[in-house]
Amino acid sequence: MTQAHLLNEVQVANAFAAPANTAANDIMARMGVRMTFAKDEEIYGQDEEADFIYRVVSGAVRTSRLMSDGRRQIGGFYYAEETFGVETNGLHRFSAEALSDCVVLVLKASALRSAVGEDAFQRLVWAETNRELSRTQDHLLLLGRKTASEKVASFLMELADRRSAEAVTLPMGRQDMADYLGLTIETVSRMLTQLQSALVVEFTGARRFRVNNRGALARMAA
């Protein structure tokens, strides 16, 4: 199958999933239980049964997995209005923790399936799985083929695009960024300083930045 055909299939699948996602979001808002989590509090653990579906209302969530040697791999970050915790094999491969104080909608997967119907539920699962696969592929490329400066530039570019704001707040600390990017915290701090010195980005605080030169940042991230 060519890349063009694969892209077309994904677009078609997403088009069919849109009504299911809308219905699921409405039901999540109506039936989901709002739960508050403090910074670094666990939402669910790795290898636990995936009985529930989660949606961020406010704040941010981090997924991570501890390796046998104690190292931590961060899977991804989730922000307001993003769904997480959807699994295809019934178990959570990663744990999820509150990256900051946050509010999360929680709904049992079986309740959502009953409310929207089996076909719509499966389309929702496919859409979320496809989204996670796309993010995972981007993450693998970032880890395996990019330099330290390209990794940090890519991370800031993605965050700015996902948050769609002129000034972006970093809910994660330097260690979270380092673990996600496969770098040391010292390297992350050095790359951020270089980006700011080059006037590509401007930090107005330890965890708040704006993109001054989007074209330059995009070129560095490529």
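## Nonpolar cores

In this predicted model, the largest nonpolar core has 32 residues. Phe155, Leu156 and Leu170 have the most contacts inside this core. Six elements each supply at least two of its residues: strand S5 (72-78), helix H4, helix H5 (174-181), helix H6, strand S10 (201-205) and helix H7 (214-221). H4 gives the largest share, seven residues. Another core lies apart from this one. That core has 13 residues, among them Tyr44, Tyr54, Tyr78 and Phe84.

In soluble globular proteins, nonpolar side chains tend to be buried together.

## Phenylalanine 155

Leave out residues up to four places away in sequence, and phenylalanine 155 touches Phe77, Leu170, Met172, Met177, Tyr180 and Leu181. One of these partners, Leu170, is itself among the residues with the most contacts inside the largest core.

## The cavity

The structure holds one cavity of 30 Å³ or more. About 50 Å³ of space lies in the largest cavity. Its lining consists of Phe77, Tyr79, Phe155, Glu158, Leu159, Arg162 and Tyr180. By class, that is five nonpolar, no polar and two charged residues.

Which helix supplies the largest share of the lining? Helix H4 (residues 148-163) does, with four residues. H4 also gives the largest share of the largest core. Phe155 belongs to the cavity lining, and Phe155 touches two other lining residues, Phe77 and Tyr180.

## Glutamate 97

Glutamate 97 sits in strand S7 (residues 95-98). Is this residue buried or exposed? Glutamate 97 counts as buried because its relative accessible area is 10%, and the cut-off for buried is under 20%.

Two polar contacts involve the glutamate 97 side chain. One goes to the side chain of serine 64, at 3.1 Å. Another goes to the side chain of serine 95, at 2.4 Å. Setting aside neighbours within four places in sequence, glutamate 97 is in contact with Asp40, Glu41, Glu42, Ile43, Val61, Arg62 and Ser64.

## Glutamine 196

Glutamine 196 is placed in helix H6 (residues 185-197). Its relative accessibility is 31%, so glutamine 196 counts as partly exposed. Partly exposed is the range between under 20% and over 50%.

What does the side chain of glutamine 196 reach at 2.5 Å? The backbone nitrogen of phenylalanine 203. Not counting residues up to four places away in sequence, glutamine 196 touches Val201, Glu202 and Phe203. Valine 211 lies 15 residues from glutamine 196 along the chain. The C-alpha atoms of glutamine 196 and valine 211 are separated by 9.6 Å.

Definitions and conventions: Residues numbered from 1 in each chain as written. Predicted model: local features only at pLDDT ≥ 70, side-chain atom pairs only at ≥ 80, totals over all residues. Heavy atoms only, no water. 1 Å grid on protein atoms, 1.4 Å probe; cavity = no way out; pocket = protein on both sides within 12 Å on 5 of 7 lines; lining within 4 Å. Points joined across faces, edges and corners; volume = space filled by probe spheres on them. Nonpolar A, V, L, I, M, F, W, Y, C, P; charged D, E, K, R; others polar. Buried < 20%, exposed > 50% of the residue type's maximum accessible area, 1.4 Å probe, protein only. Contact = heavy atoms within 4.5 Å. Polar contact = N/O pair within 3.5 Å; in protein donor to acceptor, adjacent residues only side chain to side chain. Core = buried A, V, L, I, M, F, W, Y, C linked by side-chain atoms within 4.5 Å.
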